[in-house]
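Colleague: Could you take a close look at the aromatic rings for me, and then work outwards from there? I'd like one connected walk-through that I can follow at the bench.

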Amino acid sequence: MSDGNVPDGAAGPPDLVIRGASLLDGTGGPALLADLAVTNGRISAIGKIGLRGRVELEAEGKTLAPGFIDVHTHDDTVVIRQPAMRPKVTQGVTTVVVGNCGISAAPVTLRSHEPPDPMNLLGDSAAFAYPRFAEYAAAVDAACPAVNVAALVGHTALRASHMERLDRAASAAEISTMKAHLREALASGALGLSTGLAYGNAASAPTEELFALTTELAASGALYATHLRTEFDAILEALDEAFRIGKQARVPVVVSHLKCAGVENWGRSGEVLSALERARENQPVGYDAYPYSASSSTLDLKQVTDRIDILITWSTPHPEMGGKLLAEIAALWATDQMTAARRLQPAGAVYHGMSTEDVKRILSHPATAIGSDGLPNDPRPHPRLWGTFPRVLGHWSRDEGLFSLPEAVRKMTSLSARRFGLEGRGELRPGFHADLVLFDPARVRDVATFADPIQPAEGIEAVWVNGALCYRAGDTAELGPRARAGRFLRRSTTWQGASL
């Protein structure tokens with residue numbers, strides 16, 4: 001902590017002084033009652049601050065933390081189309097990482113009229129207007145989103161751009177062109193490569209195809225993030241594939257939305273975490289999770305079963321079935337669930353397929369960062385889109401005592417920033433960017449439910465991005481572009497991936 005003096009280089013008074021806050025610096029350490037000053041978009045002092053700011057705010061002992069970093073999102077196109085980003089700023093999120101699960105808005109040149117599954121989660125063909133990654137980054141900056149945006153390159157996006165059929169391995173020539181686009185993206189600041197190997201349009205990619213692509217990552221200090229080939233019975237084999245890819249490419253591995261999916265897999269989280277711990281002894285491996293026991297994606301016939309509830313969130317041929325259980329739809333149509341699922345395609349679904357005990361064990365692991373995996377284009381989204389971060393603070397930390405409040409904040413700030421190379425973010429430290437969230441730890445909670453998912457959280461008092469106020473509790477008006485201060489974040493060239 002500083003002594004509270006604003007640095008000599010700062011001209012005039014601070015732009016903002018937040019007084020009397022319980023500061024959690026993001027590293028997991030205990031809270032400190034102090035003031036915090038912001039000058040020119042950065043934290044300029046922490047301590048007892050004598051100078052008055054141009055704007056003064058009395059925190060009255062509420063908790064001030066670094067803005068939350070959502071490390072696993074599918075906000076690629078919504079940050080441009082709906083830059084106010086209400087689902088995120090209302091829960092304290094100041095930075096989103098896009099391009100997960102092998103799907104990204106760039107670099108993409110679609111070879112078919114409609115984007116292949118699951119790229120359709122990001123929008124229709126008009127959403128994919130960025131053949132080069134640099135064009136996407138420029139479009140984000142031009143949109144002036146309310147949050148910062150950092151991006152991975154999707155493996156399925158590369159395949160869709162360079163292969164006429166996705167139900168096979170890429171040829172040597174196709175891999176060569178994919179590598180060229182990946183190099184351009186990395187040179188333009190992409191964080192790394194993501195895969196979604198569980199999806200049909202990437203499942204035919206052999207490990208060797210990933211070996212070839214990930215050779216581009218190490219020279220840029222980039223990482224490999226993966227939606228595993230399976231999160232069901234063969235999860236250990238899928239993890240081993242991810243570890244081998246990372247080790248051969250000499251890059252960090254991030255396992256996306258870690259879970260034990262399917263009733264047959266319940267209770268295996270200890271076994272899965274042990275495998276991850278063994279791998280971490282020899283290579284950098286990290287993982288993220290969301291704080292719910294239900295997942296959500298497109299309707300996948302491989303996951304159709306009568307052993308869990310499957311909620312249909314949308315259907316192109318049968319939009320009237322959105323909000324109904326698959327079992328209910330099958331009964332209405334006097335057929336079995338598999339036949340009903342085929343008739344609904346393309347469609348989206350929520351799968352209640354995880355054990356709460358497994359979710360708790362994974363969330364509580366020190367290496368687990370928090371990512372929402374929310375789907376903003378879903379008309380009936382999983383409540384994680386609006387509620388992930390307050391749920392961690394309220395339900396899991398305060399109410400269930402799964403971990404302390406400082407630890408909850410660490411999982412959503414410094415751990416995330418260090419893992420993804422977001423330099424100068426994720427901590428309350430002089431010189432760092434002033435991405436901040438003020439919240440009431442006694443009141444913060446998620447309000448969104450499966451029945452009514454579009455509900456802002458309670459207890460988030462105020463949010464700043466790069467020093468600019470982007471949300472106050474009770475605000476309903478969306479900020480115009482001049483008031484929004486988010487920016488495109490490029491991977492730090494000095495980051496070595498040491499903190500996974």
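**Rings and their surroundings**

Modeller: The charged end of Arg-384 sits over the ring of Tyr-290, 4.5 Å from the ring centre. For a charge to sit over a ring, NZ of Lys or CZ of Arg has to be within 6 Å of the ring centre and within 35 degrees of the ring normal. Bear in mind that this is a predicted model, where local features need pLDDT of at least 70 and side-chain atom pairs count only at pLDDT 80 or more, while totals for chains, interfaces and linings use all residues. Residues are numbered from 1 along each chain as its sequence is written, and side-chain values use heavy atoms, with hydrogens and water left out.

Another arginine does a similar thing: Arg-343 lies over the face of Trp-333, at 3.8 Å from the ring centre.

Now for rings meeting rings. The structure holds 6 aromatic pairs; rings of Phe, Tyr and Trp (its six-membered ring) pair if their centres lie within 6.5 Å, and planes under 30 degrees apart count as stacked, over 60 as edge-to-face and the rest as tilted. One of the pairs is Phe-68 with Phe-439: the centres are 6.3 Å apart and the planes sit at 50°, so this pair is tilted. The pair ties together distant parts of the chain, as Phe-68 is in strand β6 (residues 68–70) and Phe-439 is in strand β18 (residues 436–439), 371 residues apart. Those element names come from DSSP runs numbered from the N terminus, helices being H or I of at least four residues and strands E of at least two. Phe-68 is buried, at 0% relative accessible area, and Phe-439 is buried at 0% too (buried is under 20% relative accessible area, exposed over 50%, partly exposed in between, with a 1.4 Å probe and protein chains only).

Phe-133 and Tyr-136 make another tilted pair, 6.4 Å centre to centre with 55° between the planes. These two lie in helix α3, 3 residues apart, about one turn of the helix. Phe-133 is buried at 1%, and Tyr-136 is buried at 2%. Take in Tyr-130 and Phe-488 as well, and together with Phe-133 and Tyr-136 you have one aromatic cluster.

Just ahead of that helix, have a look at the loop between β7 (93–98) and α3 (133–143), where Asn-100 is placed. Asn-100 is buried, at 1% relative accessibility. Leaving aside residues up to four places away in sequence, the residues touched by Asn-100 include Val-71, His-72, Thr-73 and His-74 (contact means heavy atoms within 4.5 Å). Its list of contacts also takes in Leu-152, Ser-194 and Ser-256.

Next stop is helix α4 (residues 155–162), home of Thr-156. Thr-156 is buried, with 0% relative accessibility. With residues up to four places away again left out, Thr-156 touches Gly-102, Ile-103, Met-119, Asn-201 and Ala-202.

Last, a loop residue: Ser-355 is found between β16 (347–351) and α12 (356–364). Ser-355 counts as buried at 13% relative accessibility. Its C-alpha atom is separated by 5.7 Å from that of Trp-266, a residue 89 places away along the chain.
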